[in-house]
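These are my notebook entries on a structure that was new to me. I set down what I looked up, entry by entry.

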Amino acid sequence: MDYIIIVAGGKGLRMGSDIPKQFLPIGGKPVLMRTLERFRAYSSELQIILVLPEAQQDYWRKLCEEYHFEVAYQLANGGQTRFHSVQNGLALVPDDAEGVVGVHDGVRPFPSIEVIRNCYETARTAKAVIPVIPVVETVRHLLSNKKSVTVPRDEYRLVQTPQTFDIQLLKAANRQPYNDGFTDDASVVESYGHAITLIEGNRENIKITTPYDLKIAEVLI
């Protein structure tokens with residue numbers, strides 16, 4: 001059985017809003033609902049685990065009632081960091097489970113069904129898979145002497161989600177002690193000693209964090 005852990009712990013600070021960004025509407029529906037619906041559209045059998053801070057859960061339940069949201073999911077409490085939030089989500093996956101588990105940002109409502117499918121199917125053999133897109137702008141590296149140098153952008157990729165893993169591999173990797181180098185789930189698994197396989201993502205799969213992103217999301221809708 002396959003799982004997806006959708007992590008949504010944003011506070012909306014960069015959005016300049018009192019409402020957490022995952023609850024802001026795009027096309028007349030909260031971002032987070034669109035994200036859950038995208039994964040349900042991928043598979044009716046996928047087990048969805050939503051990770052939310054306890055302080056936001058009552059508000060989320062009210063939104064679900066208001067919008068008559070009926071996508072089935074399990075709810076886990078958010079942790080101090082993303083790493084700890086994913087740990088809480090993984091705790092709802094049985095320890096003897098076999099299959100693939102994905103981790104996805106709650107404020108990325110536009111992963112293509114094709115990319116989601118490719119992530120899961122590739123992970124059945126590669127065990128650790130992330131979607132990436134090319135860097136299209138010039139990139140400069142800031143040096144300690146306040147100077148900067150251009151770096152070859154074709155050697156870099158922008159990382160998206162869902163990031164998908166063999167269930168037992170991600171569970172084992174998440175038993176490691178936390179460190180600040182764990183910026184995403186791939187970095188956790190890589191620290192555990194497993195190589196990461198890259199697949200092509202889709203550029204529409206933006207992470208909504210600013211008012212500008214909301215405008216782009218409205219166009220994508």
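**Entry 1: the loop around P162.** I began with P162, which I found in the loop between β10 (157–159) and β11 (163–166). The model is predicted. I looked up the peptide bond joining T161 and P162 and noted that it is cis, with omega at about 15°.

**Entry 2: positive phi values.** I next checked backbone angles. H68 is not a glycine, yet I read a positive phi of about 50° for this residue. H68 sits in the loop between α2 and β5 (74–77). I recorded H68 as exposed because its relative accessibility is 63%, and the cut-off for that label is over 50%. K146, also a residue other than glycine, has a positive phi near 70°. I located K146 in the loop between β8 (139–142) and β9 (148–151). The relative accessible area of K146 is 83%, so I entered this residue as exposed.

**Entry 3: helix α1.** I tested the length of α1, which has 12 residues (31–42). At 1.5 Å a residue the helix should span 16 Å, and I found its end C-alpha atoms 17 Å apart, which agrees. I then listed the buried residues of α1: V31, L32, M33, R34, T35, L36, F39 and Y42.

**Entry 4: α1 against α4.** How do the axes of α1 and α4 cross, and at what angle? I noted that the axes of α1 and helix α4 (residues 113–126) come within 10 Å and cross at roughly 65°. The crossing of α1 past α4 is right-handed. From α1, I listed R38, F39, A41 and Y42 as meeting I113, I116, R117, Y120 and E121 of α4. Sorted by class, this contact has 6 nonpolar and 3 charged residues, and no polar ones.

**Entry 5: S112.** I placed S112 in the loop between β6 (100–105) and α4. Its side chain reaches the backbone nitrogen of V115 at 3.0 Å. Leaving out residues up to four places away in sequence, I found S112 touching R38 and N202. R38 is also one of the α1 residues that meet α4.

**Entry 6: A123.** A123 belongs to helix α4. Is A123 buried or exposed? I recorded it as buried because its relative accessibility is 1%, where the limit is under 20%. The C-alpha atoms of A123 and F165 are 5.8 Å apart, although 42 residues separate the two along the chain. Beyond four places in sequence, A123 touches V100, V129, T164 and F165.

**Entry 7: W60.** I found W60 in helix α2 (residues 54–66). With a relative accessibility of 0%, W60 counts as buried. Outside its neighbours within four places in sequence, W60 is in contact with F23, L32, M33, L36, L50, L52, F69 and Y73. Among these, L32, M33 and L36 are buried residues of α1. I also noted a polar contact of 2.7 Å between the side chains of W60 and Y73. For W60 and I113, 53 residues apart along the chain, I read a C-alpha separation of 25 Å.

**Entry 8: S187.** I closed with S187, in helix α6 (residues 185–192). S187 is buried, since its relative accessible area is 15%. A polar atom of its side chain lies 2.6 Å from the backbone oxygen of D184. With residues up to four places away in sequence not counted, S187 touches G181 and F182.

Definitions and conventions. Residues are numbered from 1 along each chain as its sequence is written. This is a predicted model: local features need pLDDT of at least 70, side-chain atom pairs count only at pLDDT 80 or more; totals for chains, interfaces and linings use all residues. Side-chain values use heavy atoms; hydrogens and water are left out. Helices (H or I, at least four residues) and strands (E, at least two) are DSSP runs, numbered from the N terminus. The expected span of a helix is 1.5 Å times one less than its number of residues. Buried means under 20% relative accessible area, exposed over 50%, partly exposed in between (1.4 Å probe, protein chains only). Axes are lines fitted to C-alpha atoms, for helices over the stretch in contact, and angles run from 0 to 180 degrees between N-to-C directions. A crossing is left-handed if the near helix is turned anticlockwise from the far one by less than a right angle, and right-handed if clockwise. Contact means heavy atoms within 4.5 Å. Ala, Val, Leu, Ile, Met, Phe, Trp, Tyr, Cys and Pro count as nonpolar, Asp, Glu, Lys and Arg as charged, and the others, Gly among them, as polar. A polar contact is a pair of N or O atoms within 3.5 Å; within protein, one must be able to donate a hydrogen and the other to accept it, and residues adjacent in sequence count only if both atoms are side-chain atoms.
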